[in-house]
Amino acid sequence: MTTQTLSQSKPVDRPTVKAKYDHFIGGKWVAPASEEYFDNISPIDGKPFTKAARGNKEDVEKAIDAAHEAFKTWSKTSAAERSRVLNKIADIIEDNLEMLARLETVDNGKALRETRAADLPLCVDHFRYFAGVIRADESTISEHDEHTVSIALHEPLGVVAQIIPWNFPLLMATWKIAPALAAGCCTVVKPAEQTPTSIMVLMELIADVLPPGVINVVTGFGVEAGKPLATSTRVAKVAFTGETTTGRLIMQYASENLIPVTMELGGKSPNIFMKSVADADDEFFDKAVEGAVMFALNQGEVCTCPSRILVHEDIYDKFMERVIERTKAIKMGHPLAEDTMMGAQASNDQYEKILSYLDIGKQEGAITLCGGEKAGLNSGLETGYYIKPTIFKGNNKMRVFQEEIFGPVTCVTTFKTTEEAIAIANDTMYGLGAGLWSRDAHELYQVPRAIQAGRVWVNCYHAYPAHAPFGGYKKSGFGRENHLMMLDHYRQTKNMLISYSKEKLGFF
Amino acid sequence: MEPIKRVLITEQAKEVIDTLRKRFGTELMFHQSGGCCDGSSPMCFEKGDFKVGSQDVWLGEVYGCDFFMSADQFEYWKHTQLTLDVTPGRGSSFSIEIPMGIRFMIRSKLFTEEELKNLSPIKSGEELLKED
């Protein structure tokens, strides 16, 4: 096929990386017990740019040992000190934001403008948020009668296992690490094997401010490193972000150890555009058009990708004409070029999977409104993983409307009534995100309440501020990240029931 | 007439299954995943490592391995014939072939009207376990 010639600004320089990275265990760099390393491939060009340690059970055990040792003191560290450490981590990320943003782009393939404006600034804010909330956090006390007092005190769970996905490698690690540390837990983190490097560079930067063993990072493959971690009898909780089969597997392992889990799983999020959206061709209409095109953010590799557009039939033509035009204007290119709007898919696997869904959609009779094929970029990107942002038109029973493609693909269908919009929105096994766009004050409240999803964006989409709880309904998991309520997923309640009475009961 | 199989397999995938059987010294199973990062991949486990139940559908055996999918996902996949294949790459799940630098994948096609009338029977994971 022909390739697309790029006319764009020169890519910025890649940050320097080491030839290989060991595990980060007990504050030290520890070579893998297997002595083996695996290539980390950059999606920019499909070529290896460094290596990661191939972890196994032995490495995981060392990391759990280190975490248990650290827990003896970290669990007793004052909230003020834990807060200071979290703030320090935030400052270090902020001071190194440009380098980390570039590295994240090399590791994951997403456009630099996103890592600069979203991934890294959100990491900074997230650590600061949890540094802040634990200073204001209090346990409770109640007087049952004049002689009896009940104290409900928070205690950290212990050593926790955290399994991180590849779509926002640093941010997803931050979502998990920050509340765990804030709660007084120590953690063993297993990053995804597609993106094992940026977190190791972050560990290099923060190693000196962290007590050894509070955070340990073991890289490797799921079955070799993830499984020994998830099945360990010495972890008090497993936090996982990923897909449903692995989620179920981890819950099965957890059931054998009787430990809690939190799960952030898939989504097939509806983005609903009510008739009033097109009442005027104004600023708000333009914002709604952008809201529909948000499916291309992060190349669609977001669990909450607005991958189903539901639009009122009366405004379909007017609205979708503009959405297609805006989608076609998305500038693809080198992820490290500052004017690139959409970069590469994170891996060859992802790339192939998305292409297979483009094929499935066409087989099912979905109409391709734009995109529908690989992007075929040249100028050194021929071997990278680029796919054109794609809009299919079809109906909600099609597989492309029901399955999470995890790529820059959205599917549009129409509705006649509000009831129908809600019915289509809820006709999915998932319930993570949703969007509702309207100028009608009643709809703005009533429709989001009727949608079975943990996060409904109203007249906005894809914002992830700390302080707004984020998590799933239905098969999208449970647990609410990004919010102080996550602290309670990393601690348990010690109840002291105290009698101040000197009188015996008189029973015996 | 022989019922139409719901899951087919390529020669390359058979070879990988043989290798994994030797390496793990055990029979294997597949569970088709749905959603998110590594979703929509057929995941290969040691037989019994993934516990199936009433909410899993058994689509049949493929090269001696039981092949399952969650019941709600099957609702959308039941009109589709699957072919288990293998490709170079790297998944991030617990599927056991991943350290080999390859991964199982599914190719799918819609059944024809004719085929839909004569598909191999399905059962739930729970029913299958009772038979064993």
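**Exercises on a sheet and two domains**

In β7(B), Ile102(B) is the bridge partner of Pro88(B). The model is predicted, and local features need pLDDT of at least 70, side-chain atom pairs count only at pLDDT 80 or more, while totals for chains, interfaces and linings use all residues. Residues are numbered from 1 along each chain as its sequence is written, and chains are lettered from A and ligands numbered from 1 in the order in which they are written.

**Exercise 1.** Work out which strands of the open sheet in chain B stand at the edges.

*Solution.* Begin with the terms: strands (E, at least two residues) and helices (H or I, at least four) are DSSP runs, numbered from the N terminus, and two strands pair if DSSP finds at least two bridges between them. Next, read the order of the 3 strands, which is β1-β6-β7 (chain B), with mixed pairing. It follows that β1 (7-9) and β7 (102-110) of chain B are at the edges, because each has a single partner strand, so one side of each is left without a neighbour in the sheet. Finally, β6 (residues 80-88) of chain B runs antiparallel to β7(B), and 9 bridges join the two.

**Exercise 2.** Describe how domain 1 of chain A meets domain 2 of chain A.

*Solution.* First take the bounds, which come from an automatic or database domain assignment: domain 1 covers 21-35 + 50-265 + 476-491 and domain 2 covers 270-458 of chain A. Then count contacts (C-beta atoms, placed from the backbone, within 7 Å): 14 residues of domain 1 of chain A touch 21 residues of domain 2 of chain A. On the domain 1 side, the elements that give two or more residues are α3 (97-108) and α4 (112-136) of chain A.

Notes
Two residues are in contact if their C-beta atoms, placed from the backbone, lie within 7 Å.
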